[in-house]
Amino acid sequence: MGILNRFASQWVAGEAMGDGLRRAEEANRRGLGAILNLLGEHHKDPTEIDAAVQEYLELLDAIRARNLDASLSIKPTQCGLMLGEEVYWRSTETILDRVRSMGGFLWMDMEGSRFTDATLAVYRRALAVYPEVGVAVQANLRRTEADVASLLEIGGIVRLVKGAYREPPPVGTANRHETDANYRKILDLLFERGDRFAVGSHDSAMIEYAIEKNRTRPRRFEIQMLLGVRDPLKTDLSRRGHRVVEFIPYGPNWLPYFTRRLRERPRNILTMVRSFVSG
Ligand SMILES: Cc1cc2nc3c(=O)[nH]c(=O)nc-3n(C[C@H](O)[C@H](O)[C@H](O)COP(=O)(O)OP(=O)(O)OC[C@H]3O[C@@H](n4cnc5c(N)ncnc54)[C@H](O)[C@@H]3O)c2cc1C
C-alpha cells in the first residue's frame, strides 16, 4: 500500500480536508483558481451520504474563513443518486443553500451514462433556484451535443470534458478520434450560443482550439485541469492571461479515482509497476 499511496499522491491532495485546503492555497499562490472535491462514489448508505454532505458544508466554511479562490465539485452518487434523484436533489439543495449564502459557485460532476438523465434533471432544478451552478458534460457521449444545446437555452453553465468512463457505442463514441471531433463540435456550439463555460482538458489541441475561437468570439471561459497533471501548461496558460483552475480531489476513498487516472495513461501503469519491482 505504501508505493500505491505514494503513487496516488501525485493526483490526490491527501486523505484529510486540511490536505485539500493546503493544495488550494498553493494553487491560489500560483495564480490558479481551485475546485475541491471529496473523493467517494456509489454510496448507498444514508449515513455515508449525510457524512459527505456534512463534509462539503464544513469545506465551504473553511473556504470562506481562509478567503480562498475555490469552489466545490460534488459527485452525484456520492451525494445520494444511488438512492434516487430526490435524495441527490436534497443533498444538492443543502449544499447549494450554503454556497448561495457565501455568493459562491457549485460544480456538479458527471458519472457513467446510466446517471446522465438524473444528473441533468437535478442540475436543472439547481439552476432554477441559483444561477451560479455548473455541470460536467462528456464529449465521449453522442447525446451530449443535444444536451448542451438544451442547457444553453436555460442559461446552463457546463464544464466540457472528454469523459472518464468507458461508454461503448451506440451511447458512446467509437474511438478517441470521434470523441475529439465531438469535443470540437461542442466547443463550436458553446462559442456560438454560450457565454460562460469551462474547458476541462489537458489536451493542448482542445485548449488551443478554444483559445483560437475566443479570439473572434470572446467568451467568459476558464480552463480546468486536474491536480498533478501538466503543471507547466497551467502556469503557461495563466501567464498568457487565461483563467486556469485546478481540480483538487482529496479523501480516503481515492482508489476508483486513481484507477481512472492510471487507465487514461498506460505509461503511468508502467512506471508504477517499475516502482513495485524496485521497491
Ligand atoms: C477539471 C476536470 C474535471 C473533470 N470532471 C469529470 C467529470 O465530471 N466526469 C468525467 O467523466 N470526467 C471528468 N474529467 C476527466 C475527463 O473526462 C478525462 O478523463 C481526463 O481529463 C483526460 O482527458 P483529457 O481531455 O485531458 O485528454 P487526453 O487525450 O486523455 O489527454 C491529453 C494529454 O494530457 C495528458 N494527460 C492526460 N491525463 C493524464 C494523466 N492522468 N497523467 C498525466 N498526464 C495526463 C497527456 O499529456 C495527454 O497526452 C475531468 C477532467 C478535468 C480536467
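Axes here are lines fitted to C-alpha atoms, for helices over the stretch in contact, and angles run from 0 to 180 degrees between N-to-C directions. The model on screen is predicted.

**Stop 1: α2 and α3**

Select residues 17-29, helix α2, together with residues 46-66, helix α3. Their axes come within 11 Å and cross at roughly 35°. The crossing of α2 past α3 is right-handed. To display the contact, pick Met-17, Leu-21 and Glu-25 on the α2 side. On the α3 side, add Glu-55, Glu-58, Leu-59, Ala-62 and Arg-66. Colour this contact by class: four of its residues are nonpolar and four are charged, with no polar ones.

**Stop 2: α6 and α7**

Next, select helix α6, residues 144-153, and helix α7, residues 176-193. The two pack at an angle of about 15°, and their axes lie 10 Å apart. Angles under 35 degrees count as roughly parallel, so α6 is roughly parallel to α7. This crossing is right-handed. From α6, the contact takes Thr-144, Glu-145, Val-148, Ala-149 and Leu-152. From α7, show Asn-182, Lys-185, Ile-186, Leu-189, Leu-190 and Arg-193. By class, the contact of α6 with α7 holds six nonpolar, two polar and three charged residues.

**Stop 3: the ligand shell**

Now centre the view on the ligand. How many residues surround the ligand? There are 23, and the closest are Asp-109, Ala-136, Val-161, Ser-201 and His-202. Label those five before showing the rest of the shell.

To see which elements contribute, highlight β4 (133-138), β7 (220-226) and α10 (255-264); each supplies at least two residues of the shell. Which element gives the most to the shell? That is β7, with three residues. Coloured by class, the shell around the ligand divides into nine nonpolar, seven polar and seven charged residues.

**Stop 4: Arg-260**

Stay with α10 and select Arg-260, which is found in this helix. Is Arg-260 buried, exposed or partly exposed? A residue is buried with 20 or more other C-beta atoms within 10 Å of its own, and exposed with 12 or fewer. Arg-260 has 13 within 10 Å, so Arg-260 is partly exposed.

Finally, add Tyr-165 to the selection and draw a distance between its C-alpha atom and that of Arg-260. The separation is 7.9 Å, although Arg-260 and Tyr-165 are 95 residues apart along the chain.

Methods
Residues numbered from 1 in each chain as written. Predicted model: local features only at pLDDT ≥ 70, side-chain atom pairs only at ≥ 80, totals over all residues. Helix = DSSP H or I, 4+ residues; strand = E, 2+ residues; numbered from the N terminus. Parallel < 35°, antiparallel > 145°, perpendicular 65-115°, else oblique. Left-handed = near helix turned anticlockwise from the far one by under 90°. Contact = placed C-beta atoms within 7 Å. Nonpolar A, V, L, I, M, F, W, Y, C, P; charged D, E, K, R; others polar. Near = placed C-beta within 6 Å.
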